[in-house]
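Good morning. I will go through one model today, strands first and then helices. Please look at the sequence and structure as they come up.

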Amino acid sequence: MGPPRDKQVALSTFSYVFSELVQYNMTKIRSSAELEANLEKLGKDLGKRVLDALFHRDRLTKRELTEVGILQFISTTAWKALWGKAADSLERSTDREDEYMIVDSAPLVNQFVSVPANLGALDCAALMAGVVAGILDGAYFAAKCTAHPREEGGTVFLIRIGHDEAEEQKEPELVEMRPVLPLADRALA
Amino acid sequence: MAQQTPTSNSVKALRARGDQVWARMPKCNAEFFRLTYGALVVQLVEDCDDIKEVNDKLLSMGVSIGTRIIDEFLAKSNQREPCKSFEETCEVVGRVAFKMFLGVEADVRNWNEDKSRCSLVFPENPLNENVELPPGKNFLYSNIICGAIRGALEQILYKVDVYCIKDTLRGDDTNEIGITFVSRLQAEMDDQYKES
């Protein structure tokens with residue numbers, strides 16, 4: 001991966017392609033959780049490739065051995081290289097030792113996304129969460145990363161390090177997608 | 001020679017405008033863009049039975065992008081008045097729109113006699129870097145760009161045929177997209193808007 005990193009395209013061009021990607025995936029899913037899972041899977045493939053390229057370019061010859069080290073690398077270097085600015089913060093969860101949070105107050109991919117009401121908690125930054133998981137995976141950390149919208153805007157990327165067997169066996173939760181009807185119609189139906 | 005001077009002047013003007021508009025566009029890392037597009041293509045390849053289906057799908061995605069991208073183009077590109085000819089339209093697509101959205105300029109060449117067919121030549125394609133295609137398949141990786149041009153021109157009532165001619169991914173020396181003028185469309189109202 002050699003090309004200089006400062007090459008750019010218009011953000012809107014990316015958004016058009018991303019929107020096609022999401023729309024295409026919308027045709028194949030039953031719930032918003034499934035859409036997020038699809039985006040995470042795509043992101044994961046992407047993250048694995050990115051890790052090598054970033055290490056190569058920054059001439060980093062040693063791999064990160066600590067969770068905090070790699071997460072710092074992700075939230076600053078990788079974030080900046082991929083999404084133009086460092087993440088707003090990296091925090092460790094107070095409840096659990098193995099849980100971390102990266103906060104981005106305005107994720108790049110969500111710039112032009114508005115989530116329809118019937119898809120409730122969907123966050124298209126799931127693609128970015130996938131990338132984070134992919135990078136961690138490539139750096140030999142088993143981890144899960146999920147994106148959650150914040151009430152005040154922006155996205156929290158929740159990262160859980162380590163295998164979680166109970167989680168893995170669970171089927172993704174099915175949330176019924178229903179068009180939002182006005183109240184009167186709902187009474188009739 | 002006398003005729004060439006105004007054309008090259010306007011090429012210069014268009015190029016300057018392209019640079020100017022490009023400088024004002026919010027941008028995003030080309031690598032992330034490319035990887036995301038790659039992920040989309042991979043997903044399509046996995047889902048479709050043959051390459052032709054993938055090519056068609058990419059084209060139709062492009063058309064749907066094109067119908068929306070034209071609005072942004074007209075809003076941001078300082079295009080004060082409509083183009084006067086198909087030739088001028090193609091120049092604007094290559095010099096301004098390409099620069100504005102993809103960060104590269106496309107050269108408009110190979111006009112036929114009655115100015116109804118030309119090709120956009122751009123040695124550097126932001127979609128193509130770090131991509132390798134499986135050999136021996138007629139894979140049109142940049143078909144989405146063809147679709148976008150078609151969709152956009154359709155909105156300004158040009159029916160055109162857009163197709164890939166050369167692609168560096170397939171071993172050609174440059175990237176070339178052909179545009180052929182088919183007809184002018186008529187702006188028509190849908191029946192439901194007509195007064196009865």
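Let me start with a definition: two strands pair if DSSP finds at least two bridges between them. Helices (H or I, at least four residues) and strands (E, at least two) are DSSP runs, numbered from the N terminus.

What you see is a predicted model, where local features need pLDDT of at least 70, side-chain atom pairs count only at pLDDT 80 or more, and totals for chains, interfaces and linings use all residues. Residues are numbered from 1 along each chain as its sequence is written, chains are lettered from A and ligands numbered from 1 in the order in which they are written, and side-chain values use heavy atoms, without hydrogens and water.

Chain A comes first. In strand S5(A), residues 155-161, 5 of the 7 residues are buried, meaning under 20% relative accessible area with a 1.4 Å probe and protein chains only; over 50% is exposed, and in between is partly exposed. Strand S4(A), residues 143-149, pairs with S5(A) through 7 antiparallel bridges. In that pairing, His148(A) has Val156(A) as its bridge partner. The hairpin of S4(A) and S5(A) has 5 residues between the strands, and Gly153(A) there has a positive phi near 95°. Strand S3(A), residues 99-104, is also antiparallel to S5(A), with 6 bridges; Met101(A) is partnered by Leu158(A).

Now chain B. Its open sheet has 4 strands in the order S2-S3-S5-S4, with antiparallel pairing. Why is one side of S2(B) and of S4(B) left without a neighbour in the sheet? Strands S2(B), 107-109, and S4(B), 158-166, are at the edges and have a single partner strand each, so one side of each stays free of a neighbour there. From one strand to the next, the twist averages 25°; axes are lines fitted to C-alpha atoms, for helices over the stretch in contact, and angles run from 0 to 180 degrees between N-to-C directions. S4(B) and S5(B), residues 175-184, are joined by 8 bridges, and Lys166(B) is opposite Glu176(B).

Last, the two chains together. Helix H1(A), residues 11-26, and helix H3(B), residues 51-76, have axes that come within 10 Å and cross at roughly 135°. The two helices are therefore oblique to each other, since angles under 35 degrees count as roughly parallel, over 145 as roughly antiparallel, 65 to 115 as roughly perpendicular and the rest as oblique.
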